[in-house]
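Visitor: Could you walk me through this model and explain the terms as we go?
Guide: Gladly, let's take a look together.

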Amino acid sequence: MTERLRFEGKVALVTGAASGMGRAAALAFAEEGAAVAVCDIDAAGGRRASDEITAGGGRAVFVPVDVADPGSVAAMVERVTGELGGLHCAFNNAGISEGYGPEEAWDVGVFERTMAVNARGVFLCLKHEIAWMLDHGGGTIVNTASVAGLVAVSSLHYVASKHAVVGMTRSAGTHYAPRGIRVNAVCPGAVDTPMVARSIAAGFRETIEILHPMGRIGRPREVAEAVLWLCSDEASFVTGHALPVDGGFVAR
Ligand SMILES: NC(=O)c1ccc[n+]([C@@H]2O[C@H](COP(=O)([O-])OP(=O)(O)OC[C@H]3O[C@@H](n4cnc5c(N)ncnc54)[C@H](O)[C@@H]3O)[C@@H](O)[C@H]2O)c1
């Protein structure tokens, strides 16, 4: 008997899919049979990820988006649903991490930028994805928060933006629970992506690893596996949940 792929016949939209965890999730969705919308502000990286999926026999389109921009997000959902014929799963994952220098601690520009991409970006994606899903039989959504959405690690700007993501996840998850839309979040600890390579100063990586009870940082695929599970029918009674994927970081 051939095993049925978990997302055969489904359309998955992934933001921040040019790199890191978004890219890993886009590839994983495609391996499980989904047609994937690779959405990112980085056109070169996004095209590379979508080409990789199609070269492997999957179905993908690259859709340029700035998640902080209302018109851009509306156009993204319209294009994805038009070109791929639906929207069953969305992974709202695009994000930035700034504000670590002492001179940036109370920088209004860093705060505005971080909130615009991380918080407003998730808000806008939820708004347009949910509107479409309500009219088309429901769907599942996962947002990328962070352990910084649960406890005060990272810069104040980043912590504020990721707490907002957890709040929106709980709010939308409970509000739309009776209407066939599940909304959850993953809260990764440090994960080996270009973002972490940029923000971990040379020689500091070991200190970060020790903070995780597993003694290492995570791999993008480990977060992608949690995202696919939350989007799958196996998680049918899970909504409004913020799931740490962190090697035990917040449990310590
Ligand atoms: N890497 C970590 O340790 C870690 C831990 C917890 C949470 N996160 C979160 O995970 C998510 C993915 O991060 P990553 O580590 O894979 O980083 P990454 O930098 O490798 O990937 C982020 C992607 O988001 C895209 N992006 C940034 N701004 C955008 C915008 N305005 N519109 C559209 N796309 C945009 C980038 O082009 C990039 O492709 C982020 O939300 C980040 O805050 C990361």
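Visitor: Let's begin with the ligand. Which residues come nearest to the ligand?
Guide: This is a predicted model, and in it 30 residues surround the ligand, with G16, G20, G95, T193 and M195 coming nearest. Helices α1 (20–31) and α6 (194–199) each contribute at least two residues to that shell.

Visitor: How do the residues of that shell divide into nonpolar, polar and charged?
Guide: There are 15 nonpolar, 12 polar and three charged residues in the shell around the ligand. Gly is counted as polar in this scheme.

Visitor: What makes the sheet an open one, and in what order do its strands run?
Guide: The order of its seven strands is β3-β2-β1-β4-β5-β6-β7, with parallel pairing. β3 (59–64) and β7 (242–245) are the edge strands; each has a single partner, so one side of each is left without a neighbour in the sheet. On average, neighbouring strands are turned by 20° against each other, ignoring direction.

Visitor: How do you know that β2 and β3 pair?
Guide: Pairing requires at least two bridges between the strands. Strand β2 (residues 35–40) and β3 have six bridges, in the parallel sense, so the criterion is met. One example is V36, whose bridge partner in β3 is A60.

Visitor: Which strands does α1 touch where it packs on the sheet?
Guide: α1 touches β1 (11–15), β2, β3, β4 (89–92), β5 (139–144) and β6 (181–188). The direction of α1 makes about 170° with that of β1. Angles over 145 degrees count as roughly antiparallel, so α1 and β1 are roughly antiparallel in direction.

Visitor: Why is α1 called oblique to α8?
Guide: α1 and helix α8 (residues 220–231) pack at about 55°, with their axes 8 Å apart. Roughly parallel needs an angle under 35 degrees and roughly perpendicular one from 65 to 115, so α1 counts as oblique to α8. The crossing of α1 past α8 is right-handed.

Visitor: Which residues meet in that contact of α1 with α8?
Guide: From α1 come G20, M21, A24, A25, A28 and F29, and from α8 come P220, R221, V223, A224, E225, V227 and L228. By class, this contact has 10 nonpolar residues, one polar and two charged.

Visitor: Why is α4 called roughly parallel to α5?
Guide: Helix α4 (residues 108–135) packs against helix α5 (residues 156–175) at an angle of about 15°, and their axes are 8 Å apart. That angle is under 35 degrees, so α4 is roughly parallel to α5. α4 also passes α5 in a right-handed crossing.

Visitor: What residues make up the contact of α4 with α5?
Guide: In α4 they include V110, F111 and T114, and these α4 residues meet a set in α5 that includes H157, Y158 and A160. The contact divides into 14 nonpolar, four polar and one charged.

Visitor: Which residues of α3 meet α4?
Guide: P70, V73, A74, V77 and T81 in α3 meet L124, C125, H128, E129 and W132 in α4. Helix α3 (residues 70–84) packs on α4 at about 35°, with axes 9 Å apart, and their crossing is right-handed. Seven nonpolar, two polar and one charged residues form this contact.

Technical notes. Residues numbered from 1 in each chain as written. Predicted model: local features only at pLDDT ≥ 70, side-chain atom pairs only at ≥ 80, totals over all residues. Near = placed C-beta within 6 Å. Helix = DSSP H or I, 4+ residues; strand = E, 2+ residues; numbered from the N terminus. Axes fitted to C-alpha atoms, helices over the stretch in contact; angles between N-to-C directions. Contact = placed C-beta atoms within 7 Å. Left-handed = near helix turned anticlockwise from the far one by under 90°.
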